[in-house]
Amino acid sequence: MHQYKGKLIIHTGSMFSGKTSSLEKDIKRFNIAGYKTVAFKPAVDTRYPKSEIRTHDNTTLNAVMVNNISEIYEYCRIHNPDVIAIDEVQFLGGKIEDIVKAITKFLEKDVTVVLAGLDMDFSGQAFEIVKELMPMADYLYKHHAVCAKCGTDAWVSHRKTKAQERIVIGATDEYEPLCRKCFLEEQND
């Protein structure tokens with residue numbers, strides 16, 4: 001696992017595609033290899049208890065809840081982890097340039113950073129922070145859920161409700177994975 005020292009690993013894709021499960025698997029592997037790890041989750045993600053990241057299939061990972069990248073940077077300055085994980089990175093508070101700068105500093109200090117986050121919102125628009133971080137990645141994994149309408153690879157997290165705010169925290173009651181064709185059909189109805 002030494003080849004991963006100071007690397008940026010990104011898991012992205014739609015909801016229900018296995019991004020968080022892959023982040024959790026990565027952290028468990030780093031733990032087995034003897035690395036000091038810590039996982040973070042944005043405070044805005046209130047779906048599960050504060051001290052854990054939970055996958056849609058109910059696997060959990062201990063986590064520190066944070067509001068922004070400054071809190072992560074301060075925590076890491078004190079605790080000196082080898083590997084940090086951030087779930088739902090698209091919800092992390094702070095300016096995009098500050099997040100990119102902090103992650104760059106971690107990588108320069110040989111800290112490995114594992115991120116999981118949505119690449120697009122419910123309307124198919126890119127989440128800016130994920131778009132900025134993707135070119136920096138040493139390892140970039142685009143995960144696909146199964147389209148809820150036709151069974152092909154899903155492309156986007158379609159919002160089933162009429163809410164128009166960009167951020168609406170939810171799961172299967174609010175969202176379903178759709179392929180591009182089924183998403184466009186939904187948009188045209």
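**Exercise 1.** How do the residues of the lining of the second largest pocket divide into nonpolar, polar and charged?

*Solution.* Before starting, note that this is a predicted model, where local features need pLDDT of at least 70, side-chain atom pairs count only at pLDDT 80 or more, and totals for chains, interfaces and linings use all residues. Residues are numbered from 1 along each chain as its sequence is written, and side-chain values use heavy atoms, with hydrogens and water left out.

- Step 1: list the lining, meaning residues with an atom within 4 Å of a pocket point. Here that gives F122, S123, H158, R159, K160, T161, K162, Q164, E186, Q187 and D189.
- Step 2: sort them. You get one nonpolar, five polar and five charged.
- Step 3: find the elements. Strand 9 (156–159) and helix 5 (180–188) each bring at least two lining residues.

**Exercise 2.** Which residues in the largest nonpolar core touch the most other members?

*Solution.*

- Step 1: collect the core, a set of buried Ala, Val, Leu, Ile, Met, Phe, Trp, Tyr and Cys residues joined through side-chain atoms within 4.5 Å. Buried means under 20% relative accessible area (1.4 Å probe, protein chains only).
- Step 2: pick the winners among the 30 residues: I72, I84 and L115. Helix 3 gives this core the most, six residues.
- Step 3: zoom in on I84. Beyond four places in sequence, its contacts (heavy atoms within 4.5 Å) include V38, F40, I72 and C76.

**Exercise 3.** Which residues of strand 10 are buried on each side?

*Solution.*

- Step 1: take one side, where Y175 and P177 are buried.
- Step 2: flip over to E176 and L178, also buried.
- Step 3: check the partner. Strand 9 runs antiparallel to strand 10, joined by four bridges, and S157 sits opposite P177.

Definitions and conventions: On a 1 Å grid over the protein atoms alone, a cavity is a set of points where a 1.4 Å probe fits but cannot get out, and a pocket is an open set with protein on both sides within 12 Å along at least five of seven lines; lining residues have an atom within 4 Å of a point. Ala, Val, Leu, Ile, Met, Phe, Trp, Tyr, Cys and Pro count as nonpolar, Asp, Glu, Lys and Arg as charged, and the others, Gly among them, as polar. Buried means under 20% relative accessible area, exposed over 50%, partly exposed in between (1.4 Å probe, protein chains only). Two strands pair if DSSP finds at least two bridges between them.
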